[in-house]
Amino acid sequence: LFLLILLIPGVVQASFKDVPETNKYYQAVKYLEDKGTIKGSKNSNFNPEANINKADLLKMVLVESGVDVEKKNTYTGFKDVKKNAWYAPYVKKALDLGIIEKGDSFGPTKTVRKWQGLEMIFEAKGIGVQKIINGETKLKFKDVKKESQYAGVAKAAETLGIFEEDTFQANKILKRGDVAEILYKVGTKKI
């Protein structure tokens with residue numbers, strides 16, 4: 001039986017050599033791999049501790065959400081997204097769906113703050129986020145002021161119960177493992 005389990009790919013371990021079963025992100029990475037959101041092989045790494053950039057985050061969010069993206073040269077209107085860039089179709093689809101807003105630049109290689117990543121994920125999942133938090137609303141997170149630009153995102157995260165901490169750390173730079181964990185938690189919640 002043990003030998004049989006080793007021969008069946010994906011049953012015991014995710015395909016990424018840097019995410020063994022003992023890794024804190026293992027369950028989340030395995031979930032994304034099983035869904036087809038990410039692909040790995042025994043010789044590949046997921047790099048869970050590496051900062052995620054905006055283009056990689058957007059692709060993970062759209063693929064995990066089941067959004068069909070036609071992979072072709074696509075004009076987005078952003079000056080920093082060439083139409084033949086691998087991420088251009090994802091950016092265009094996110095624009096079309098209202099997940100991101102039109103502007104001069106997209107910033108595909110920029111790191112992503114926690115509140116920005118959550119905002120993108122919630123938008124893709126159709127999870128409502130209040131833009132303004134009224135005075136009666138209570139927030140669990142000690143480091144979030146009701147008037148902050150990310151208070152609504154923090155409240156949505158609190159409502160979903162995806163963070164156990166009592167601080168939100170809105171400006172924390174997201175790592176690839178963090179995103180996997182968030183997508184796993186949001187994807188397995190009954191919303």
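**Exercise 1. Place V91 in the fold and work out what surrounds it.**

Step 1: V91 sits in helix α4, residues 88–97; helices here are DSSP runs of H or I with at least four residues, numbered from the N terminus. Before going on, note that this is a predicted model, where local features need pLDDT of at least 70, side-chain atom pairs count only at pLDDT 80 or more, and totals for chains, interfaces and linings use all residues. Residues are numbered from 1 along each chain as its sequence is written, and side-chain values use heavy atoms, with hydrogens and water left out.

Step 2: Check exposure. V91 has a relative accessible area of 1%, so V91 counts as buried (under 20% relative accessible area, 1.4 Å probe, protein chains only).

Step 3: List the contacts (heavy atoms within 4.5 Å). Skipping residues up to four places away in sequence, V91 touches L58, T76, F78, I100 and F106. A55 is 36 residues from V91 in sequence, yet their C-alpha atoms are 7.7 Å apart.

Step 4: Look at the rest of the helix. A88, P89, Y90, V91, A94 and L95 are the buried residues of α4, and their cover includes α3. Just past α4, G98 has a positive phi of about 80°.

**Exercise 2. Test the length of α5 and find its packing partners.**

Step 1: The expected span is 1.5 Å times one less than the number of residues. Helix α5 (residues 114–125) has 12 residues, so it should span 16 Å, and its end C-alpha atoms are indeed 16 Å apart.

Step 2: Buried residues of α5 include W115, L118, I121 and F122. The buried residues of this helix pack against α3 (54–64), α6 (151–160) and α7 (176–187).

Step 3: What follows α5? G126 does, with a positive phi near 75°.

**Exercise 3. Find the hubs of the largest nonpolar core.**

Step 1: Such a core joins buried Ala, Val, Leu, Ile, Met, Phe, Trp, Tyr and Cys residues through side-chain atoms within 4.5 Å. The largest one has 60 residues, and I100, L118, F122, I162 and F168 have the most contacts inside it.

Step 2: Elements giving two or more residues to this core are α2 (26–35), α3, α4, α5, α6 and α7.

Step 3: Zoom in on F168. Leaving aside neighbours within four places in sequence, its contacts include K114, W115 and L118, plus F141, Y150 and F163.

Technical notes. Buried means under 20% relative accessible area, exposed over 50%, partly exposed in between (1.4 Å probe, protein chains only).
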